[in-house]
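Got your viewer open? Load the model, switch to a cartoon view and get ready to click around.

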Amino acid sequence: MKTNNTYTTTSSLLSKYTKLDHNIKLYIPSTINVNKSIDNKQYILDTLKLFSSLFGGSTSYKAQGAWDSETQGLIVEDIAIVESYTTSDGIATSLPQVLTYATKLKKELAQEAISLEYDNQLYFI
């Protein structure tokens, strides 16, 4: 059982370190025109570079995603998720660039939507 003293001690130990209290993720599809498979490695690399330049670092990992396409029915595909942690100032400064990039990616890959997750809330761009 944790007590207030444990929390206070932990909090004081961490207080001298930089706290990145916001999380942003972009879901990179592996399809173009809704359901045609592509090699998405360059898109992942480009997103890693962008997030690292905006937020100081980034991480990517593989996942499997599915959605009900308006035109093609159920689509299941391998995706990559690129994420970064940042401060309130970092998100305020950089979110417009992330949204512009996500919109460009959506158009370039001819997607119905690109998923952007911010602080555990998902947005379809």
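Below is a short tour, stop by stop, starting with the whole chain and ending with single residues.

**Stop 1: the whole chain**

Before anything else, keep in mind that this is a predicted model. Colour by secondary structure and you can pick out three helices and seven strands. Walk along the sequence and they come in the pattern α-β-β-β-α-β-β-α-β-β. The radius of gyration is 17 Å, well over the 14 Å that the globule rule gives for 125 residues, so the chain is more spread out than a compact globule. Rotate the C-alpha trace: along its principal axes it spans about 55 × 35 × 20 Å.

Now turn on the surface. About 8100 Å² is accessible, and 54% of that belongs to carbon and sulfur atoms. Of the 125 residues, 34% count as buried. How far apart are the mean positions of the positive and negative charges? With 11 positive and 13 negative charges, those mean positions are 6 Å apart.

One more thing to keep in mind while you look at contacts: among those between residues at least 6 apart in sequence, 63% join residues at least 24 apart.

**Stop 2: strands β1, β6 and β7**

Select residues 22–28, which is strand β1, and add β6. The two run antiparallel and are joined by three bridges. Zoom in on leucine 26 and you'll find leucine 116 of β6 standing opposite.

Next, add β7, residues 121–124. This strand also runs antiparallel to β6, with four bridges joining the pair. β6 and β7 form a hairpin with two residues between the strands. Click on aspartate 119 in that hairpin: its phi is positive, near 50 degrees.

**Stop 3: serine 115**

Stay in β6 and select serine 115. Is this residue buried or exposed? Its relative accessibility is 16%, and buried means under 20%, so serine 115 counts as buried. Its bridge partner in β7 is phenylalanine 124. Show everything serine 115 touches, leaving out residues up to four places away in sequence, and you get Lys25, Leu26, Tyr27, Leu122, Tyr123 and Phe124.

**Stop 4: two more positive phi values**

Here's a handy bit of background: most residues other than glycine have a negative phi. Which way does asparagine 33 go, positive or negative? Its phi is positive, near 50 degrees. You'll find asparagine 33 in the loop between β2 (31–32) and β3 (36–37), where it is partly exposed at 38% relative accessibility.

Now jump to alanine 110, in the loop between α3 (88–108) and β6 (115–118). Its phi is positive too, near 50 degrees. Alanine 110 is partly exposed, with a relative accessible area of 30%.

**Stop 5: isoleucine 38**

For the last stop, select isoleucine 38, in the loop between β3 and α2 (41–55). With a relative accessible area of 26%, isoleucine 38 is partly exposed. Which residues does it touch, not counting those up to four places away in sequence? They are Ser30, Thr31, Ile32, Tyr43 and Leu109.

Try the distance tool on that last partner. Isoleucine 38 and leucine 109 are 71 residues apart along the chain, yet their C-alpha atoms are separated by 9.4 Å.

Terms used:
Residues numbered from 1 in each chain as written. Predicted model: local features only at pLDDT ≥ 70, side-chain atom pairs only at ≥ 80, totals over all residues. Heavy atoms only, no water. Rg over C-alpha atoms; globule rule 2.2 N^0.38 Å. Buried < 20%, exposed > 50% of the residue type's maximum accessible area, 1.4 Å probe, protein only. Contact = heavy atoms within 4.5 Å. Areas by Shrake-Rupley, 256 points an atom, 1.4 Å probe, with all protein chains shown as cover. Lys, Arg positive; Asp, Glu negative; His and termini not counted. Charge placed at Lys NZ, Arg CZ, Asp CG, Glu CD. Pairing = 2+ DSSP bridges.
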